[in-house]
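User: Please take a close look at the charged side chains of this model, and at the spaces that they help to line. I am new to the structure and would welcome one connected account.

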Amino acid sequence: MLERMKELPKTWQGLWHRTLLEKRGAGSLTNDRPAQVYWLQTGLWHADLRIPEDRPDFAGVSSLAGCSLEQLRFIAGQEGFCGVTRVEGHICTWSRLFDLNPGTALDVARMRFEREDFIVETGIAEDYTEHWECLAGSRPAQDLPQAVCAELDGIFLASGNWAVQIILRGDAPEDIDLYTEPGSRSREHLLWQASLALTLCERTPQGWIARLSTHPWLEGQALAGTGGETGCA
């Protein structure tokens, strides 16, 4: 089925930074909590991560196992997802195949290009407006090809000098329910839920460097063994 989906035009592809959110009603599709928000779009696949600005201190933490219950709740409560994108006219639908903290609303919006590097998004399932600006150096190019790579434990999406690495969760335990009240989730539940990690990376002369991640301890580190270095597409 994915092979039959039409690739998005090049104007859609790249790393987009959200510069404005106006939310005019209740809903769970987008959170108006101040955050750093990035959306990376390839020809078919997308990744989106939203890191709240009130992130607690993770000094001394180097893994999920070392997180307190409060820290695990924060990580599991972030917004981050990956999936495929379909555009029909001005309507864009993001099918979230892997979602850190899923909601119940359909992610579909009207998209208007004010400029080649500036999009105004207007929600359909929920009443909101978002502004997106494309980062310089993130467009696909001949010498910096896109990569959409399936790895042993995840997915690597790259466009130009930017990429998102997605580490997938393992199989869900039988008693897992992602739609229970967050405060009632056990440590074991949170450890599994938070194991889905999305990391925004920049290509440098030293390789891919993590700039922003749902796992804070990864930031500033070099990524080893990513698909983007193997040239797969």
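Analyst: **Charged side chains and the spaces beside them**

In this predicted model, Asp 117 has a relative accessible area of 32% and is therefore partly exposed. Its side chain forms a salt bridge with that of Arg 115, with N and O 3.0 Å apart. Arg 115 also counts as partly exposed, because its relative accessibility is 45%. The whole structure holds 13 salt bridges, and several of them can be followed in turn.

A second pair is made by Asp 127 and Arg 24, whose side chains meet at 3.0 Å, N to O. This pair links distant parts of the chain, 103 residues apart: Asp 127 belongs to the loop between β7 (118-123) and β8, whereas Arg 24 belongs to the loop between β1 (14-23) and β2. Asp 127 is partly exposed at 40% relative accessibility, and Arg 24 is likewise partly exposed at 42%.

The third pair joins Arg 96 to Asp 107, with the closest N and O atoms 2.9 Å apart. Arg 96 lies in strand β5 and Asp 107 in the loop between β5 and β6 (108-115), 11 residues apart. Arg 96 has a relative accessible area of 23%, so it counts as partly exposed; Asp 107, at 7%, is buried.

Arg 96 also leads to the largest pocket, where it is one of the residues nearest the centre, together with Ser 28, Asn 101, Pro 102 and Gly 103. This pocket has a volume of about 350 Å³ and a lining of 19 residues. By class, the lining comprises 6 nonpolar, 9 polar and 4 charged residues. Strand β5 provides the largest share, 3 residues, and β4 (79-88) is also among the strands that supply at least two.

Asp 107, in turn, leads to enclosed space. There are 2 cavities of 30 Å³ or more in the whole structure. Asp 107 is among the residues closest to the centre of the largest cavity, as are Asp 48, Arg 50, Glu 121 and Glu 130. That cavity has a volume of about 100 Å³, and its lining divides into 6 nonpolar, 1 polar and 6 charged residues. Strand β8 (128-134) contributes the most to the lining, with 3 residues.

A network of salt bridges links Asp 48, Arg 50 and Glu 130 with Arg 18. Arg 18 and Arg 50 both appear in the lining of the second largest cavity, which also includes Arg 33 and Glu 79. About 80 Å³ of space lies in this cavity, and its lining has 3 nonpolar, 3 polar and 4 charged residues. Strands β2 (35-41) and β3 each supply at least two of these residues.

What is the nearest side chain of opposite charge to Arg 169, which is buried yet has no salt bridge? It is Asp 99, at 6.6 Å. Arg 169 lies in the loop between β11 and α2. A polar atom of its side chain is nevertheless 2.8 Å from the backbone oxygen of Asp 99, and the side chain of Arg 169 also reaches the backbone oxygen of Leu 100 at 3.5 Å.

Methods
Residues are numbered from 1 along each chain as its sequence is written. This is a predicted model: local features need pLDDT of at least 70, side-chain atom pairs count only at pLDDT 80 or more; totals for chains, interfaces and linings use all residues. Side-chain values use heavy atoms; hydrogens and water are left out. On a 1 Å grid over the protein atoms alone, a cavity is a set of points where a 1.4 Å probe fits but cannot get out, and a pocket is an open set with protein on both sides within 12 Å along at least five of seven lines; lining residues have an atom within 4 Å of a point. Grid points are joined across faces, edges and corners, and a volume is the space filled by probe spheres set on the points. Helices (H or I, at least four residues) and strands (E, at least two) are DSSP runs, numbered from the N terminus. Ala, Val, Leu, Ile, Met, Phe, Trp, Tyr, Cys and Pro count as nonpolar, Asp, Glu, Lys and Arg as charged, and the others, Gly among them, as polar. Buried means under 20% relative accessible area, exposed over 50%, partly exposed in between (1.4 Å probe, protein chains only). Lys and Arg count as positive and Asp and Glu as negative; His and the chain ends are not counted. A salt bridge is a side-chain nitrogen of Lys or Arg within 4 Å of a carboxyl oxygen of Asp or Glu. A polar contact is a pair of N or O atoms within 3.5 Å; within protein, one must be able to donate a hydrogen and the other to accept it, and residues adjacent in sequence count only if both atoms are side-chain atoms.
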